[in-house]
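Grab a pencil and work through these exercises with the sequence and structure open beside you. Each task comes with a solution that goes step by step.

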Amino acid sequence: MATPRRRLVQEAASRGKYAPLYRHLSARTGSRWRASFAEVEQILDFVLPDSARLYRPWWSNPKRDGGHSHALAWQAAGWKTSDVDLDAETLTFERVGSEQAAPDMPNMRKPFDLDEFWPAISGGSWPKGFTVSREQIYDGNGRLTGGPQDDARDGS
């Protein structure tokens, strides 16, 4: 069962600029896909930014402190990047956990663990006696609560 945070990440990945890549990778079978930048652009239906061709870190798999929307697309779909060749403009997408999959179960994959890629970090100390829970911040649909729109509904 997906955690509320994981569902929010998947929803964000499915709506963002890189959503076509998220959908493509989510639907793929197998554990590896060797792709050219041109193939990725064809899926996205737009040209990758220059930084994707100039800087290898653009293709990195961030594990802490969040990441960019393009990395979110493949990570939320359960994939990571490897073997990035900027000169040949190719890379490999590998299903996360595929190296542990049994040989007779090639499509088995480890579920995406949001805390593994974007762990919660301390934002510093809170005022004494202050408490807050996820339920107080987000409603059942993962939307932020307590903003001006809620004040207007309450008549305050």
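Contact here means heavy atoms within 4.5 Å. This is a predicted model: local features need pLDDT of at least 70, side-chain atom pairs count only at pLDDT 80 or more, and totals for chains, interfaces and linings use all residues. Residues are numbered from 1 along each chain as its sequence is written, and side-chain values use heavy atoms, with hydrogens and water left out.

**Exercise 1: The whole chain**

Task: Work out which elements the chain has, in what order they run, and what percentage of its residues count as buried.

Solution:
- Step 1. Start with the elements: the chain has eight helices and three strands. Helices (H or I, at least four residues) and strands (E, at least two) are DSSP runs, numbered from the N terminus.
- Step 2. Read them off from the N terminus, and you get α-α-β-α-α-α-β-β-α-α-α.
- Step 3. Now for burial. Buried means under 20% relative accessible area, exposed over 50%, and partly exposed in between (1.4 Å probe, protein chains only). By that rule, 32% of the 156 residues of the chain are buried.
- Step 4. Look at contacts between residues at least 6 apart in sequence: 58% of these join residues at least 24 apart.

**Exercise 2: The sheet**

Task: Find the order of the strands in the sheet and say why one side of S1 and of S2 lacks a neighbour there.

Solution:
- Step 1. Two strands pair if DSSP finds at least two bridges between them. S1 (residues 32-36) and S3 (residues 90-95) are antiparallel and joined by five bridges.
- Step 2. S2 and S3 also pair in the antiparallel sense, over five bridges.
- Step 3. Put together, the three strands make an open sheet in the order S1-S3-S2, with antiparallel pairing. S1 and S2 are at the edges with a single partner strand each, so one side of each has no neighbour in the sheet.
- Step 4. Add the twist, which averages 25 degrees from one strand to the next. Angles run from 0 to 180 degrees between N-to-C directions, and axes are lines fitted to C-alpha atoms, for helices over the stretch in contact.
- Step 5. Check the hairpin of S2 and S3: four residues sit between the strands, and Glu89 takes a positive phi near 55 degrees.
- Step 6. Finish with helix H3 (residues 37-44), which lies across S1, S2 and S3 and runs at about 95 degrees to S1.

**Exercise 3: Faces and partners**

Task: Sort the side chains of S1 by the face they point to, then explain why S3 is largely enclosed.

Solution:
- Step 1. Recall the general rule: in a regular strand the side chains alternate between the two faces of the sheet.
- Step 2. Apply it to S1. Trp33 and Ala35 point to one face and are buried, while Arg32, Arg34 and Ser36 point to the other and are not buried.
- Step 3. Match partners across to S3: Trp33 stands opposite Phe93, Arg34 opposite Thr92, and Arg32 has Glu94 as its bridge partner. From the other strand of the hairpin, Asp85 stands opposite Thr90 in S3.
- Step 4. In S3, Thr90, Thr92 and Glu94 point one way and Leu91, Phe93 and Arg95 the other, and all are buried. With six of its six residues buried, S3 is therefore largely enclosed by the rest of the structure.
- Step 5. Zoom in on Glu94, which counts as buried because its relative accessibility is 15%. Beyond its neighbours within four places in sequence, Glu94 contacts Ser31, Arg32, Gly78, Trp79, Lys80 and Ser82.
- Step 6. Do the same for Ser82, which sits in S2 (residues 79-85). Ser82 is buried because its relative accessibility is 16%, and it touches Arg34, Leu91, Thr92 and Glu94, not counting residues up to four places away in sequence.

**Exercise 4: Two helices crossing**

Task: Describe how H1 and H5 cross and which residues meet there.

Solution:
- Step 1. Two packed helices are described by the angle between their axes and the distance between the axes.
- Step 2. For H1 (residues 4-15) and H5 (residues 69-76), the axes come within 9 Å and cross at roughly 120 degrees.
- Step 3. List who meets whom: Val9, Gln10, Ala12 and Ala13 in H1 meet Leu72, Ala73 and Ala76 in H5.
- Step 4. Finally, take Arg15, also in H1. Arg15 counts as exposed because its relative accessibility is 62%. The C-alpha atoms of Arg15 and Ala73 are 9.7 Å apart, though 58 residues separate them along the chain.
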